[in-house]
Amino acid sequence: MTMTTEPKSDHDYDLVVVGGGPVGLFLAGELRLGGASVLVVERLAEVDETIKAGGINTAGAVALYRRGMLPDLAAAWERNRWRVRAFLGDQKREQGADAPRTPPKFAGHFAGIMMRGDLFDPTDPAFADIGPADGVGLGVPQVELERILGARAERLGVEVRRGAELTGFDADEGGVVVHLADGARITAGWLVGCDGGRSTVRKLAGFGFPGTEPEITGYQAVVEMTGGERLGTGWNTTDVGTYVNGPFPGRILTVEFDGPPADRSAPVTAEELQAALRRVSGVEEVTVHKVLTSTRFTDNARQASTYREGRVLLAGDAAHVHSPFGGQGLNLGLGDAMNLGWKLAAVVRGSAPDSLLDSYTAERHPVGAWVLDWTRAQIAAMRPDRHARALRRVVTDLALTTTGTTYLVKQISGVWQHYDLPGDHPLTGQSAPDLELSDGTRLGDHLHHGRALLLDLADDPTLRTLAQGYADRVDVLTVACPARPGLTGLLVRPDGFVAWAADEDHQGDGGAGLKDALTRWFVAA
């Protein structure tokens with residue numbers, strides 16, 4: 001497709017994205033696919049090497065696959081495949097040839113309770129037709145993902161300005177004026193805050209940010225230490241809290257229920273990490289000599305009341321914060337970007353009304369609320385008091401069943417996510433199945449350019465006629481799906497979610513359902 005390089009107004013850019021982490025870079029790429037000119041403003045001068053998320057789940061990997069990044073993700077997985085041991089509960093720390101050769105079908109834990117692969121039921125319908133992205137993101141650290149998304153943004157023509165800090169902005173119904181620390185003044189039609197949990201954009205715009213107060217102080221770090229052989233490997237629960245040792249030498253994590261830290265932004269010292277590790281583990285012989293990378297975290301759980309205030313929007317941690325347990329945060333942000341990008345680009349280019357953006361909060365806010373509760377539940381099961389430990393034993397017993405493991409894996413992987421969209425077909429509102437098509441391609445192969453896709457699976461001229469007025473927004477493919485012969489048509493939004501579906505048991509409306517879906521999502525402003 002043709003992507004414009006100039007803003008469609010007197011603004012310097014159509015959009016400014018504040019924050020050049022994975023969410024901001026992914027969103028910027030989505031906006032460029034939609035034809036918008038984008039500037040990413042990032043406070044840090046270089047990619048942040050701080051230890052953060054250790055992988056992405058199935059939903060996150062599928063999003064990247066749908067944009068043609070599966071080879072990049074697979075290569076990163078290969079470079080880091082030994083890290084998957086941590087997710088699978090195998091705590092051997094050698095990086096040898098016995099590391100897994102192919103991505104596992106699932107991974108993860110609930111409150112440090114590891115899932116067992118032999119108890120997972122892969123025949124559960126939720127895992128059908130996921131496609132080749134299944135498991136590929138496991139063990140790929142956030143810094144690798146940021147580099148992948150940064151390279152993609154560069155290929156698409158996104159301008160990234162590093163070492164540039166937003167200090168303020170003015171917004172009205174005509175656009176925004178962004179002020180940077182170096183005195184630069186940038187005009188744009190829209191501003192999106194992807195600038196993390198302590199978002200400057202969110203604070204300056206006055207978004208409500210209700211939630212629950214933190215009760216833990218956590219550390220994650222890679223250190224040089226002695227006495228580590230006396231520590232338990234993997235996740236360990238003690239009378240004081242929780243600690244993790246591994247999956248590679250020097251990687252530690254501690255959790256204490258002593259309230260939040262006095263200053264989250266202060267540098268983490270070796271003495272601080274050593275004291276926390278000794279308190280939680282009870283191993284006095286462990287000594288931390290050097291901190292290679294580290295971060296503090298809490299279980300502060302908050303969510304913006306809305307994700308849009310006029311010309312200002314939020315995505316990723318700027319819109320919601322929570323503890324890192326279960327590895328949901330990065331995936332949640334990628335989902336935000338995938339949902340918002342095509343909609344905001346359509347509004348910018350004038351092919352959709354501003355009201356289309358109302359669906360961003362409507363669809364993503366419930367998913368964010370679920371993630372916050374998922375992390376709160378894990379905190380409840382990790383507390384060191386007797387009531388919580390009794391609860392943890394019950395949860396552990398349930399997790400050690402096929403039904404329990406499969407349920408937990410569904411939640412961790414993100415395959416449960418859906419949107420409440422009009423239509424009575426079971427696929428409507430679901431992430432589209434990655435159908436194998438008769439021409440040798442898969443459904444996901446046709447979403448790389450960020451456009452909607454109408455699959456005419458029964459060679460029905462009525463469907464093609466209805467889509468004729470949307471040729472600049474909706475690709476039409478007439479093809480068969482041998483594995484799903486009863487499925488006759490599928491309208492897939494640019495984010496990969498099904499807007500309309502028909503089969504031999506759910507049709508007969510003369511195309512009215514498809515017409516309504518096309519009008520709802522792709523009508524011109």
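**Exercise 1. The cover of helix 2**

Find which residues of helix 2 are buried in this predicted model, and name elements that cover them.

*Solution.* Start with the list: Thr58, Gly60, Ala61, Val62, Ala63, Leu64 and Tyr65 are the buried residues of helix 2. Next, set that list against the whole helix, which spans residues 58-65: seven of its eight residues are buried, and helix 2 is mostly covered. Finally, look for the neighbours. The cover of these buried residues includes helix 1, helix 3 (70-79), helix 5, helix 8 (329-348) and helix 11 (402-413).

**Exercise 2. Helix 1 and helix 5**

Describe how helix 1 packs against helix 5, using the angle and the distance between their axes.

*Solution.* It helps to recall that two packed helices are described by the angle between their axes and the distance between the axes. Here, the axes of helix 1 (residues 22-33) and helix 5 (residues 142-156) come within 9 Å and cross at roughly 25°. Angles under 35 degrees count as roughly parallel, so helix 1 is roughly parallel to helix 5. The crossing of these two helices is left-handed.

Now for the residues. Helix 1 brings Pro22, Leu25, Phe26, Gly29, Glu30, Arg32 and Leu33 to the contact, where they meet Gln142, Leu145, Glu146, Leu149, Gly150, Arg152, Ala153 and Leu156 of helix 5. Sorted by class, this contact of helix 1 with helix 5 holds eight nonpolar, three polar and four charged residues.

**Exercise 3. Helix 1 and helix 8**

Repeat the analysis for helix 1 and helix 8: what is the angle, and how far apart are the axes?

*Solution.* The angle is about 25°, and the axes lie 8 Å apart. With that angle, helix 1 is roughly parallel to helix 8. As for handedness, helix 1 and helix 8 make a right-handed crossing.

On the helix 1 side, the contact is made by Pro22, Val23, Phe26, Leu27, Glu30 and Leu31. Their counterparts in helix 8 are Leu330, Gly333, Leu334, Ala337, Met338, Leu340, Gly341, Leu344 and Ala345. The class count for helix 1 with helix 8 comes to twelve nonpolar residues, two polar and one charged.

**Exercise 4. Strand 7 and its partners**

Trace the pairing of strand 7 with strand 6 and with strand 8, then decide whether strand 7 is largely enclosed or left open.

*Solution.* Take strand 6 (residues 166-172) to begin with: six bridges join it to strand 7, and the two run antiparallel. Ala171 stands opposite Val176 of strand 7. Strand 6 and strand 7 make a hairpin, with two residues between them.

Then turn to strand 8 (residues 185-193), which is joined to strand 7 by four bridges, again antiparallel. His179 has Arg185 of strand 8 as its bridge partner. The hairpin of strand 7 and strand 8 has four residues between the strands, and there Gly183 takes a positive phi near 95°.

Last comes burial. Five of the six residues of strand 7 (residues 175-180) are buried, so strand 7 is largely enclosed by the rest of the structure.

**Exercise 5. An open sheet and a helix across it**

Work out which strands stand at the edges of the four-stranded open sheet, and place helix 13 relative to the strands.

*Solution.* The sheet has the strand order 20-19-21-22, with mixed pairing. Strand 20 (474-478) and strand 22 (498-503) stand at the edges: each has a single partner strand, so one side of each is without a neighbour in the sheet. From one strand to the next, the twist averages 10°.

For one pairing in detail, strand 19 (residues 452-456) and strand 20 run parallel, joined by five bridges. Leu455 has Leu477 in strand 20 as its bridge partner. Helix 13 (residues 512-522) lies across strand 19, strand 20, strand 21 (487-492) and strand 22, and runs at about 170° to strand 22.

**Exercise 6. Backbone exceptions**

Locate Ala111, Asp459 and Pro247, and say what is unusual in the backbone of each.

*Solution.* The background is that most residues other than glycine have a negative phi, and most peptide bonds are trans.

- Ala111 has a positive phi of about 55°. It sits in the loop between strand 3 (109-110) and strand 4 (113-114), and is buried, with a relative accessible area of 0%.
- Asp459 has a positive phi near 50°. This residue is in the loop between strand 19 and helix 12 (461-466), and counts as exposed at 51% relative accessibility.
- Pro247 follows Gly246 through a cis peptide bond, with omega near 15°. Pro247 lies in the loop between strand 12 (241-245) and strand 13 (251-256).

Conventions:
Residues are numbered from 1 along each chain as its sequence is written. This is a predicted model: local features need pLDDT of at least 70, side-chain atom pairs count only at pLDDT 80 or more; totals for chains, interfaces and linings use all residues. Side-chain values use heavy atoms; hydrogens and water are left out. Two strands pair if DSSP finds at least two bridges between them. Axes are lines fitted to C-alpha atoms, for helices over the stretch in contact, and angles run from 0 to 180 degrees between N-to-C directions. Contact means heavy atoms within 4.5 Å. Buried means under 20% relative accessible area, exposed over 50%, partly exposed in between (1.4 Å probe, protein chains only). Angles under 35 degrees count as roughly parallel, over 145 as roughly antiparallel, 65 to 115 as roughly perpendicular and the rest as oblique. A crossing is left-handed if the near helix is turned anticlockwise from the far one by less than a right angle, and right-handed if clockwise. Ala, Val, Leu, Ile, Met, Phe, Trp, Tyr, Cys and Pro count as nonpolar, Asp, Glu, Lys and Arg as charged, and the others, Gly among them, as polar.
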